[in-house]
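Student: I've got a model open and I'd like to talk it through with you. Can we go over it piece by piece?

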Amino acid sequence: MFKNKKEHFIFILMIATTMVFIMSCYNIAMIEGFSLNIFKHAALGFPLAFIYALVGDIFIVGKLVKIITSKILKPNDDMKKVGVYMSFFTSCGMVIWMSLFGVITNIGLNSNFISAYSNALITNFIFAIPLNLLIVSPLIRFIFFKIFPPISSINEQINEEINAI
């Protein structure tokens with residue numbers, strides 16, 4: 001799917017940027033109701049949430065997703081199937097990871113933590129999984145592959161390596 005680690009990292013940046021901002025807006029709207037302040041508050045909280053999301057995606061969730069999908073997928077599965085499975089399991093892991101961030105930054109570790117975290121998990125799963133699978137991942141993949149066309153065959157890969165020399 002990706003020709004190198006640089007492309008994979010760029011893809012993660014694109015997905016993380018989009019999902020962190022949209023989910024921040026969603027969670028702020030759930031807490032405060034809908035207003036134009038949602039975008040201001042989401043932008044203010046974005047840098048820390050984005051860094052936390054990248055750390056989780058690259059070092060924790062991404063590694064777990066590779067382990068899980070390697071047990072489910074077969075080497076000859078088509079790239080669409082691989083993409084859907086990777087997106088689904090990454091979304092699930094990131095909801096767990098980012099809901100923890102949201103609850104800790106908004107209410108802290110107090111007596112309401114377990115209740116708030118449980119509620120955050122439910123509401124975030126309901127919104128994030130369809131958002132990622134139906135809108136964000138397909139859109140980002142479309143944009144990404146316009147910028148970085150995938151290698152569709154072994155011959156293309158060999159030709160690209162020869163041309164790079």
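What follows is a run of questions and answers on this predicted model.

Student: Let's start with the fold. What pattern does the chain follow along the sequence?

Tutor: Keep in mind that this is a predicted model. The chain has five helices and zero strands. Reading along the sequence, you get α-α-α-α-α.

Student: And what does the C-alpha trace span along its principal axes?

Tutor: The chain has 165 residues, and buried ones make up 35% of them. Among contacts with a separation of 6 or more, 69% come from residues 24 or more positions apart. Along the principal axes, the C-alpha trace spans about 60 × 35 × 25 Å.

Student: Helix H2 looks odd to me. Where in H2 does the kink lie?

Tutor: Check the span of H2 (residues 37–72): a straight helix of 36 residues would cover 52 Å, but H2 covers only 43 Å between its end C-alpha atoms. There's a kink of about 55° in H2, shortly before proline 47. The residue it lies at is phenylalanine 46.

Student: On to the largest nonpolar core. Which helix gives the most to this core?

Tutor: This core has 20 residues, and those with the most contacts inside it are Ile15, Met19, Met23, Val136 and Ile140. H1, helix H3 (79–107) and H4 each supply at least two of its residues. With ten residues, the one that gives the most is H4.

Student: What is isoleucine 15 in contact with, leaving aside its neighbours within four places in sequence?

Tutor: Isoleucine 15 is among the residues with the most contacts inside the largest core. Val136 and Ile140 are on that list as well. With the neighbours within four places left aside, the contacts of isoleucine 15 are Val136, Ser137 and Ile140.

Student: How many residues are in the second, separate core?

Tutor: Among the members of this second core are Ala16, Val20, Ala53 and Val65. It's separate from the core just described, and its residue count is 14.

Student: Now the aromatics. Is the pair of phenylalanine 11 and phenylalanine 144 stacked or edge-to-face?

Tutor: A search of the whole structure turns up 13 aromatic pairs. In this one the ring centres are 5.4 Å apart and the planes sit at 75°. Planes over 60 degrees apart put a pair in one class, so this pair is edge-to-face.

Student: Which parts of the chain does that pair link?

Tutor: Both phenylalanine 11 and phenylalanine 144 are buried, and ring pairs link them with Phe2, Phe145 and Phe148 into a cluster. The two are 133 residues apart, so to speak of distant parts of the chain is fair. Phenylalanine 11 is in helix H1 (residues 5–32), and phenylalanine 144 is in helix H4 (residues 113–147).

Student: Is alanine 116 buried or partly exposed?

Tutor: Alanine 116 lies in helix H4, and leaving aside neighbours within four places in sequence, alanine 116 is in contact with Val103 and Ile107. Its relative accessibility is 23%, and buried would need under 20%. So alanine 116 counts as partly exposed.

Student: Last one: how many disulfides does a search of the whole structure find?

Tutor: A disulfide is a covalent bond between the sulfur atoms of two cysteines. Cysteine 25 is buried, with a relative accessible area of 11%, and cysteine 92 is buried too, at 16% relative accessibility. As for disulfides, the search of the whole structure finds zero.

Methods. Residues numbered from 1 in each chain as written. Predicted model: local features only at pLDDT ≥ 70, side-chain atom pairs only at ≥ 80, totals over all residues. Heavy atoms only, no water. Phe/Tyr/Trp six-rings, centres within 6.5 Å; stacked < 30°, edge-to-face > 60°. Helix = DSSP H or I, 4+ residues; strand = E, 2+ residues; numbered from the N terminus. Buried < 20%, exposed > 50% of the residue type's maximum accessible area, 1.4 Å probe, protein only. Expected span 1.5 Å × (residues − 1). Bend = angle between axes of the 7 residues up to and from the residue. Contact = heavy atoms within 4.5 Å. Disulfide = S-S within 2.5 Å. Core = buried A, V, L, I, M, F, W, Y, C linked by side-chain atoms within 4.5 Å.
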